[in-house]
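Trainee: Please pick one part of this structure and take me through it closely. Then show me what lies beyond it.

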Amino acid sequence: MSTSSKGEKDVNPLPSISVAKFGGTSVGTLEAMQQSAAVIEQNPQTRLIVISACAGVTNHLVALAKGISDPDVRQAKLDAINAIHQAILQQLPDCQNTQAAVEHWHLAIAEYAEKAAIIPDTALTDALVACGELISTHIFTHLLNSRGITALRVDARELLRTDSQFGCAQPDPQQTRTQCHDQLLPHLATHRVVTQGFIGADAHGQTTTLGRGGSDYSAALFAEAVDAESLAIWTDVPGIYTTDPRIAEQARPISEISFSEASEMATFGAKILHPSTLLPAVRQHIPVFVGAARAPEQGGTWIREQARSAPLFRAVALRRNQTMVTLTSLNMFHAYGFLAKVFEVLARFEISVDLITTSEVSVALTLDQTNTQGDAPQLPQAAIAELTQLCHVEICENLAVVALIGNDMNHTAGATAPVFSALAQHKLRMICYGASNHNVCVVVEDDDATQVVQRLHADLFE
């Protein structure tokens, strides 16, 4: 199927470029890679291909980045990574250059892992974890060429420019566009270009990462930079569902959804998309297709500026591993300036706030964004110390955010009645409603989260 849906742009010297991103399970084995290659063959407009690390590799790399002092345990991780890659290479035609490149990066992983065992470091973590994508793109480019698809590998660190916030770096779209026009566009007319998702480089050339799941974001940034006609996110499920099918068996696929709805779903934990993916697509009006590389004939979900239908309830999303901070002070009572002081502290420590509720003497908020290692959001001790001078600080972890996504929620009488009826038997730690027309959010104990999602889905969608 073709994933292009826009007319040709005069500013683009190449006809109808489409960008395709393939996730880890889509490149985790030779069979999966062959299926992904077949998708590319069937879509001539797919010129730029963004690849994740092979399934399972990033988890091993994250474990190594945290520091493993036992050399035998460390070697077992290294062997597991090597086994994943060699299992694919051994089934492909021999290519000395590819084998040499893979061995080079395996040696780099071992060196980084040894350093991490002594002193773990955020910059070292990014350099280490990025090796997964750097290796998978060598292998996938070789596979494409072996199938007769003229393919060229380009290092994303030459294209995607970011700041130096290791673990969750912020991209520079303008610099990225400049680099892509210089380093990428000249090749797209004659080659399918394969590059890495998730990784970039700062102004000093140091490897950075966009945070866990950032390959989607990379693909959208590249699509924006080359004025792509469309972006396809190829994963292991045929589109976006009303909730995670692994949680609710009756979850059903959604054929079309708006940017606003999809952004809410991604923000609140729908694993099909990285939270930031849609920002570049929205800026450039690029439609996004989500489908399964192993079964493209099943179709998928189109994400557009406007969907043809806008139901009151569209989907239920779940985000685990949440941290809630409650700040209490009698100085808040009939006073002004307290929240300004709190947010000044949070801004200085680059702490992003997600949900927030207030009362006369307290404010509760959840922290946004996990890092590359997938850890729960944390308040730095220095930030806690400063906040403690203003108020009492209580931190609660092992929480989850459940978000009901829809349309015109705060303009529809009785919209929340069935929601809270479904949640009547569950303890809610926080409720957020009204700030967005597209969601109702509750914070619950992580142990209750699965049941909460199942109950909401059963009552509202089944």
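**Starting from one ring**

Mentor: Start with phenylalanine 22. Its relative accessible area is 0%, so phenylalanine 22 counts as buried. Keep in mind that this is a predicted model.

Now look at the aromatic rings. The model has three aromatic pairs. In one of them, phenylalanine 22 pairs with phenylalanine 140. Two values describe such a pair: the distance of the ring centres and the angle of the planes. Here the centres are 6.2 Å apart, and the planes meet at 40 degrees. That makes the pair tilted. Phenylalanine 22 sits in strand E1, while phenylalanine 140 sits in helix H6, residues 131–146. The two are 118 residues apart, so the contact links distant parts of the chain. Phenylalanine 140 has 0% relative accessibility, and therefore it too is buried. Elsewhere, ring pairs join Trp234, Phe289 and Trp302 into a cluster.

Go back to phenylalanine 22 and step sideways to strand E2. The bridge partner of phenylalanine 22 there is isoleucine 51. Strand E1, residues 18–22, runs parallel to E2, with five bridges between them. How does the chain get from E1 to E2? It passes through helix H1, residues 30–41. This β-α-β crossover is right-handed.

Strand E2 spans residues 46–51. Six of its six residues are buried, so the rest of the structure largely encloses E2. E2 also pairs with strand E4, residues 192–196. That pairing is parallel and has four bridges. Within it, valine 50 has threonine 195 of E4 as its bridge partner.

Follow the chain onward from E4. The loop between E4 and strand E5, residues 199–201, holds phenylalanine 198. Look at the backbone here. Most residues other than glycine have a negative phi. Phenylalanine 198 has a positive one, near 80 degrees. Is phenylalanine 198 buried or exposed? Its relative accessibility is 3%, which is under the 20% cut-off, so phenylalanine 198 is buried.

A second positive phi turns up at aspartate 227, near 55 degrees. Aspartate 227 lies in the loop between helix H9 and strand E7, residues 230–235. Its relative accessibility is 5%, so aspartate 227 is buried as well.

Helix H9 covers residues 215–225 and contains tyrosine 217. With a relative accessible area of 8%, tyrosine 217 is buried. Which residue lies across from it in the fold, 60 residues away along the chain? It is threonine 277. The C-alpha atoms of tyrosine 217 and threonine 277 are 4.2 Å apart.

Move on to another strand, E15, residues 362–367. Six of its six residues are buried, leaving E15 mostly covered. In a regular strand the side chains alternate between the two faces of the sheet. You can follow that in E15. Ser362, Ala364 and Thr366 point one way. Val363, Leu365 and Leu367 point the other way. Residues on both sides of E15 are buried.

E15 has partners too. Strand E13, residues 313–328, pairs with E15 in the antiparallel sense over five bridges. Threonine 326 stands opposite alanine 364 there. Strand E14 is also antiparallel to E15, with four bridges between them. Alanine 364 appears again here, as the bridge partner of threonine 357. A hairpin of three residues connects E14 to E15.

E14 leads to a last stop, the second largest pocket. Its volume is about 180 Å³. Glu264, Phe268, Asp354, Leu355, Ile356, Cys432, Tyr433, Gly434, Ala435, Ser436 and Asn439 line this pocket. Two elements give two or more residues each: strand E14, residues 353–358, and strand E17, residues 430–433. E14 gives the most, with three residues. What is the make-up of the lining? It has six nonpolar, three polar and two charged residues.

To recap: phenylalanine 22 is a buried residue. Its ring pairs with that of phenylalanine 140 in a tilted arrangement. Its bridge partner in E2 is isoleucine 51. E2 in turn joins E4 over four bridges.

Key: Residues numbered from 1 in each chain as written. Predicted model: local features only at pLDDT ≥ 70, side-chain atom pairs only at ≥ 80, totals over all residues. Heavy atoms only, no water. Buried < 20%, exposed > 50% of the residue type's maximum accessible area, 1.4 Å probe, protein only. Pairing = 2+ DSSP bridges. Right-handed = clockwise from strand over helix to strand, strands pointing away. 1 Å grid on protein atoms, 1.4 Å probe; cavity = no way out; pocket = protein on both sides within 12 Å on 5 of 7 lines; lining within 4 Å. Points joined across faces, edges and corners; volume = space filled by probe spheres on them. Nonpolar A, V, L, I, M, F, W, Y, C, P; charged D, E, K, R; others polar. Phe/Tyr/Trp six-rings, centres within 6.5 Å; stacked < 30°, edge-to-face > 60°.
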